[in-house]
Amino acid sequence: MSSLSYAAPATVDEAIGLLAGASGLAKVLSGGTDLLVQLRSGRTRPALIVDTKKIPGIIGIREVDGGFVIGAATSGAMIGEHAALAAVYPGVVEATNLIGSTQVQGRASLAGNLCNASPAADSVPAMIAAGATAVIAGPKGRRTVPVEQVVTGPGRTSLARDEFIVEFHLPKRAPRSADAYLRFIPRTEMDIAVVGAGVNVTLDAAGVCTAARVSLGAVAPTALLVADCAAALVGSKLDEHALAKLDLAARDACKPIDDKRGTIDFRIKVAGVLARRAAAIAFERAAARS
Amino acid sequence: MSFPLSLTINGVARNITLDDPRVTLLDLLRERLELTGTKKGCDRGQCGACTVLLDGRRINACLALAASCDGATVLTIEGVTDGDALHPVQAAFIAHDGLQCGFCTPGQIMSALGLIDEGQAGDDPERVREGMSGNLCRCGAYAGITEAVLDAQRRLAGQDGRDAS
Amino acid sequence: MTPDISLSQVPAHARHGSSIGRPLTRREGVLKVTGVARYAADNHPAGMLYAVLAASRIARGRVTCLDVPAAMAHPGVVAVMTPANRPALALDPDAKLHPFMFRLDLLQSDAVRYANQPIAVVIAETLEAATEGAALLAPRYEALPARVGLDAGESFVPPVVGVGHPAEQLVGDVEAGLASAARRVDATYETPAQYHNAMEPHAVVAAWDGDSLSLDMPSQGMAMAQARLAGLLGIAPENIMIRSPFLGGGFGSKGLIAGPQVLGILAARLVGRPVKLVLRREQMYGPVGHRPPTRQRLRIGAGADGTLTALAHHALITTSTFDDFFEPAADASHTLYASPAIATSHTAVRIDTGTPMFMRAPGEATGSIALESAIDEAALACRMDPLAFRLKNYAEVEPISGKPFSSKALRACYAQGADRFGWAGRPLAPRQMRDAAGMLVGWGMGTATFPALMFQAEARAVIRRNGGGVVEIGAHDMGQGAWTALAQIAADAVGLGIEQLEFRSGTSDLPDGGIAGGSAHTATAGMAIHAAGGEAVARLAELAMDDARSPLFGAGNAGVVARDGRLFRRDDESRSESYADILTRAGLAQVEGRGKSGGDPAAQTAYAMHAHGAVFAEVKVDPDLGQLRVTRLVGAFAAGRIINPRMVRSQYYGGMIWGMAFALHEEAVTDRRSGRMLNANLADYHIPVNADVPEMEALLVEEHDPHVNALGIKGVGEIAITGTGGAVANAVWHATGMRARRFPIRIDDLV
């Protein structure tokens, strides 16, 4: 009846085989919320859809070695409901809770949000700030890459056509560590980020920042990991001087576009403000986790 | 190519043979199973008119391939009423005039059921508004919708013997 | 929670036993909350096929190639309808025999005159096959440069604006008034194109039987649709049956039959089977109307004491290249503020767009946001409180015509709204208020107004011997509550409790209920029902008064009153008789009455007829991000007799949300090169979500109007958009000091 084929493999190897053997464009379905929209708009016209949801372990969250393993097709709703994850990685969870509506989160997955490769994807800056890695399966086995290396440009990833993400790892936390994610949207809910900022910090017993990761979304072709922002925070107790340095570093990192949602100047300004505010939340949370 | 599907819809187990992988859960319900209470407003997950509960969670039925829902349990607006008695959420929507044209209403009610079950909003109108923001209402019945959800939630909590305040 | 004060008020005009004025819940509510209510696209006649439109990706030029063989080769595709094989029409779709006959795109040629114009229809066994077939057509085009925006071409003065009003109107000497003014405002405001975006996409399920046509189709005007179709198809109107029991929203876009709906009907004709055609959301941005963009210049002069000396309002608007709809934006300045000199004028530019159309408060909404902003600027120029300034220039007679108002409780609206909002003590200067979280707080207000219109309608009423009654009218419920409000009027009209009444509506085989538009449906259909019921009751009364066995015998000039299934002597209510007894004795199963309604020309000549209101808004603005939230909206509206306060409140809320969206959210963005819309979807075209909506209150201000119609009804469906947009914009100024001159207000303008 259709020019489109659909397969729901039961194993990772079967999925890789299907992707490798596809005669035309093959698309991986993990949550499907972006893929279905693209199918509907005609932006993508695949010959094959490989639905990964039937692969054991691809949906679910496990605590491993003090960290977390999140299956690639785990829905945003399941992530939002995971109390242990929310306690340790509140920024990742709050970012995931911002993907579309609650209904969209009922299907949408971290892998989809990442591999759709939109600069404005909400979960991505939070995952980058958290130091998350992606486990990518392919014909040659599995490789683990930092999340910030997955997306190479709008709509483009570093995955080969016969590869797909099977899970994400969030590392074990040092004491007094926490993250936060903030985004700016014009509408109160249900909108695409004009700017997103994820901040992840570790403090020492005196409240001085010993490690930090800061990531910005929607201000460049891909989500950015901004080393200068991290450097602004490390060694500080988040005083006004550190905040000013952070703000400046965030602005300097931005290479945004001008569009209906926000001008270049506006996005740059917002990036600085959001980085400050997200840092303040992350510091407060980290201090509370002593 | 055909796809055998097992779905439990509104408590009824159904074995369906699908002849086309492109069929969404929404179009399966509306065009092939005569369950037209679930509405199509945008077909892109942007309006929420097609909200159903899939394995107890609210989703946009337009964003799920039917084939991908094999083995799932689906609750649609047609399955909410208990015999002739309206569900408290349905009754509250009428009492608070949480509807005008009614087209978004089945989705609003399914979303409200999901929201109440998630238990995250509490008795806070602000959080109810946030949690119901995946369901557009062009008529602008939001005030009544929020009141209806809060009212129904209180009544349901009372039924469960929990503190209704 | 919003206190439910309005619902507990018993209107002073409510009489014993009356259904009018009661806050009944929606009579069709159970159908809607259970999913049983059947909207057009929910129908599925046996043998039905699916039709999907292919729409143009260019805005101007022609289609050079459609790959029909590729589409036909796709499994399940039954037919492809193109200009080459579209069934013949009895009337050229480009014919314009009267001003309300709008030109339709029915595949009459390969020409493209706007983006998203239908260029073919694919008909298939399944929706999926039809959708794929439409994609496989892979149209090729010869594109011409698109003409986009308000500066795309030479402007001209349209022959008329709106529903036939003069494009230019003038009283007094505006230039002299401006010259003599101590304070002047000269400000230009821009409003964007907006799209109706009813939640229910336009749909039709069409089935032919010979030359008879059966349609499930949302319609705000079934009789007009019938007539239009009869002309196009060359069949008799009575051969066309339209069922439109529920519309999933209309807002003007379903007032006239839309081209794609006609294409669905033609597709059914082509394949000889029933066909369902539903527009995809993105296809609703083109062939089904929109509110055009405007650029409005307001010039206001005032004396040192704040008294207006002149008000000039010019609107530049766009329309399509091939038809005439002219948004009467400047007419908003005709009624609200007293001024010795008023000039309103319109010019228009033709661009490559679908023809604009009536959209909830057409002209009133666009004009109001500019006028109310400019009035706020004028108040500031005079260093006056915005409410005091409006009261200073309160119009005791309609400024443009000099006519007295049939009723006008606007002072009460101002007073009650200001009191409930807590307007007193508002600082005059901006940026004076902050909340505990450091957010800038601003308060603004606007005046609301909308004309009280009457169209034409017919109804039929029957009173039965068994004590029941039937009232029939082909009216339209698009969410405003016709099923309930009209039944309330009907119950009173035949003197029965609403539970004893069967109210039939929503199909074209019933008496013509007119059009659900112009906020006039309750008044128009209601008056037809009132008249029909009155005639049925009069028949009963004749039977009784002429019969010596009746306690009402000889009531004569004193007359009778109908209530609860009985007639009572007006001068002695202890003497009464039941309908059942009257009809039984007369040996009749039932009596019937028919009624018509329409405006009263004498009253319309003598009086200006408008509803009024006052809206107060509070906004909070994040000083660092410019992020803006409306936190409170209070509206007070006077609109004559209120049939159902619960549903009226909902109409006001809906209107206020639309007004807020006008100020902050809605905007269609067109690509200047291609002429294609960049945000033809509900993610990028922003309509408010639940979390955008603030605490709202709508006060129902008592008003009695003896002139608009016998029931004293004005409209409530559109008025609340007006005033609200301006109130929000003025509150943004008060919070930030930034005066919005283009809408929607851009957050980056606030930082």
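How many residues of domain 2 of chain A are in contact with domain 3 of chain A? Read on for the count; just keep in mind that this is a predicted model.

**View 1. Where domain 2 and domain 3 of chain A meet.** Here's the count: 24 residues of domain 2 of chain A are in contact with 26 residues of domain 3 of chain A. To find your way around, domain 2 of chain A covers 61-170 and domain 3 covers 177-288, while domain 1 takes 5-51. Measuring over C-alpha atoms, you'd get 19 Å between the centres of domain 2 and domain 3 of chain A. On the domain 2 side of this meeting point, look for α5 (90-96), α8 (123-129) and β8 (151-153) of chain A, the elements that each give two or more residues. That side is made up of 16 nonpolar, 5 polar and 3 charged residues.

**View 2. The two domains of chain B.** Now hop over to chain B, where domain 1 runs over 3-79 and domain 2 over 88-159. Their centres, taken over C-alpha atoms, sit 22 Å apart. Domain 1 of chain B brings 15 residues to the contact, and domain 2 of chain B brings 13. Two strands to pick out on the domain 1 side are β3 (51-54) and β4 (57-60) of chain B, each with at least two residues there. Of that side, the largest share belongs to β3(B), with 3 residues. Sorted by class, the domain 1 side holds 6 nonpolar, 6 polar and 3 charged residues.

**View 3. Chain B against chain C.** In this view, 48 residues from chain B face 46 residues from chain C in the contact. Plenty of helices to spot on the chain B side: α1 (25-32), α2 (88-95), α3 (105-118), α4 (125-131) and α5 (142-159) each put in at least two residues. Keep an eye on α5(B), which gives the largest share of that side, 6 residues. As for the make-up of the chain B side, you'll find 22 nonpolar, 13 polar and 13 charged residues.

**View 4. How confident the prediction is along chain B.** Averaged over chain B, the pLDDT is 94, and 96% of the residues score at least 70. Residues 161-165 of chain B are another story, with pLDDT below 50. Leaving aside near neighbours in sequence, this stretch makes 5 contacts in the model. Go easy on the fine points here, because coordinates predicted with low pLDDT should not be read in detail.

Terms used. Residues numbered from 1 in each chain as written. Chains lettered and ligands numbered in written order. Predicted model: local features only at pLDDT ≥ 70, side-chain atom pairs only at ≥ 80, totals over all residues. pLDDT = per-residue confidence, 0-100. Contact = placed C-beta atoms within 7 Å. Helix = DSSP H or I, 4+ residues; strand = E, 2+ residues; numbered from the N terminus. Nonpolar A, V, L, I, M, F, W, Y, C, P; charged D, E, K, R; others polar. Domains from an automatic or database assignment.
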